[in-house]
Amino acid sequence: MVHPKVRKALEEARKLVADLESYEDGPINHQAVVKQTERVRIALQEPIDLVTRSIEFLALGGAVHTILGIRAYHAMPEDGSAITADELARVTNVASTVIHPIYRVAINHGIFTETAPDTYAHNDLSRALNPKGMGSFFMIALEFTRAWIHLPEYLQSHKTDDIFDLVKSPAVYSVGKEHLGKSYYELLELDPDPERREVWNANMFMVDQLMPIVGMFPFASLKEEVEQDPGRPYLVDIGAGRGQSCFAIQKDINGAFDAKFILQDLPGVINNMNPEDYPGFDLMTYDAFTPQPIKSTHLELLL
């Protein structure tokens, strides 16, 4: 006889088995199976499980944040060979008693491989955290997490309407720079660490890789409309990054019917782009929180 406590979990588990038996490889099926595994876990979960699971993931986030922040990740051999905790401590100039627990937490979650006691090497999951790739998602999430952590004290110390003021936002408050009178993205432009700015560019590139713009909208359907009014720009891409979305759209519809693209982003991005690499594109510095200077386009893209 099935215990009442697991009846729902067993029902969800049977669905999971059916999904696995009929599995066809692809992102949609993959996500469906992952969600179904979560339904099995949730059906079994008790209050203490929720608390401990939350603590585990907070610890994991803190561990990975530290590994990246002290550049221990960057010191690990990219070829998969191992490096000791003592060597990481020497390279990063932190105590080995810091290296041991943060890597222990990561390894318990399958990130990195411990090839010998206190000796670590990359694996597929750890490589996914590369800040120049998918790891940029994690780095940007940390930016938002900092604001969430400070949100209670922010709400207690600010007026109700301050949350709508870009220079008094929780993100600005969380980095202690409200006195500069700058928005979060303006502060990002002033950041002396070029790698931190590059994380945002890498993040936007990875968004396009994992959530491709082509297919989200029938861009080719505007062909007749664009050709009737070729003077209007075909598309304005706000927060364009390196123009990856526009290149994909342009290729997908064979040059966008000879219409013009306008790529807009903050000065720190646009001013570092070579116009020769963007034939047929207008590069324009623009803050998305200010009025849009381009008033007549066929499409606007904001991701």
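**A chat about Leu44, the sheet and Ala95**

Modeller: Leu44 is partly exposed in this predicted model, because its relative accessible area is 41%, and partly exposed means between 20% and 50%.

Colleague: Okay, and where is Leu44 found?

Modeller: Leu44 belongs to helix α2, which covers residues 27-44.

Colleague: Which residues make the nonpolar surface patch with Leu44?

Modeller: Val2 and Val6 make that nonpolar patch together with Leu44, and its area on the surface is about 190 Å².

Colleague: Switching to the sheet, what order do the strands have?

Modeller: The sheet is open and has 3 strands in the order β1-β3-β2, with antiparallel pairing. Its edge strands are β1 (83-84) and β2 (113-116), each of which pairs on one side only.

Colleague: How many bridges join β2 to β3?

Modeller: There are 3 bridges between β2 and β3 (residues 119-121), and the two strands run antiparallel; across this pairing, Ala116 stands opposite Thr119 in β3.

Colleague: And which helix packs on the sheet?

Modeller: That is helix α6 (residues 96-108), which touches β2 and β3, and whose direction makes about 45 degrees with that of β3.

Colleague: What about Ala95, where is its place?

Modeller: Ala95 lies in the loop between α5 (85-92) and α6. In sequence Ala95 is 10 residues apart from Ala85, while in space the two are 9.4 Å apart, taken from C-alpha to C-alpha.

Colleague: Why does Ala95 count as partly exposed?

Modeller: Ala95 counts as partly exposed because its relative accessibility is 40%, and a residue needs over 50% to be exposed or under 20% to be buried.

Definitions and conventions
Residues are numbered from 1 along each chain as its sequence is written. This is a predicted model: local features need pLDDT of at least 70, side-chain atom pairs count only at pLDDT 80 or more; totals for chains, interfaces and linings use all residues. Side-chain values use heavy atoms; hydrogens and water are left out. Patches are made of residues with over 30% relative accessible area and no salt bridge: like charges are joined within 9 Å, nonpolar side chains (Val, Leu, Ile, Met, Phe, Trp, Tyr) within 5 Å. Accessible areas come from the Shrake-Rupley method with a 1.4 Å probe; for residues, only the protein chains shown count as cover. A salt bridge is a side-chain nitrogen of Lys or Arg within 4 Å of a carboxyl oxygen of Asp or Glu. Helices (H or I, at least four residues) and strands (E, at least two) are DSSP runs, numbered from the N terminus. Buried means under 20% relative accessible area, exposed over 50%, partly exposed in between (1.4 Å probe, protein chains only). Two strands pair if DSSP finds at least two bridges between them. Contact means heavy atoms within 4.5 Å. Axes are lines fitted to C-alpha atoms, for helices over the stretch in contact, and angles run from 0 to 180 degrees between N-to-C directions.
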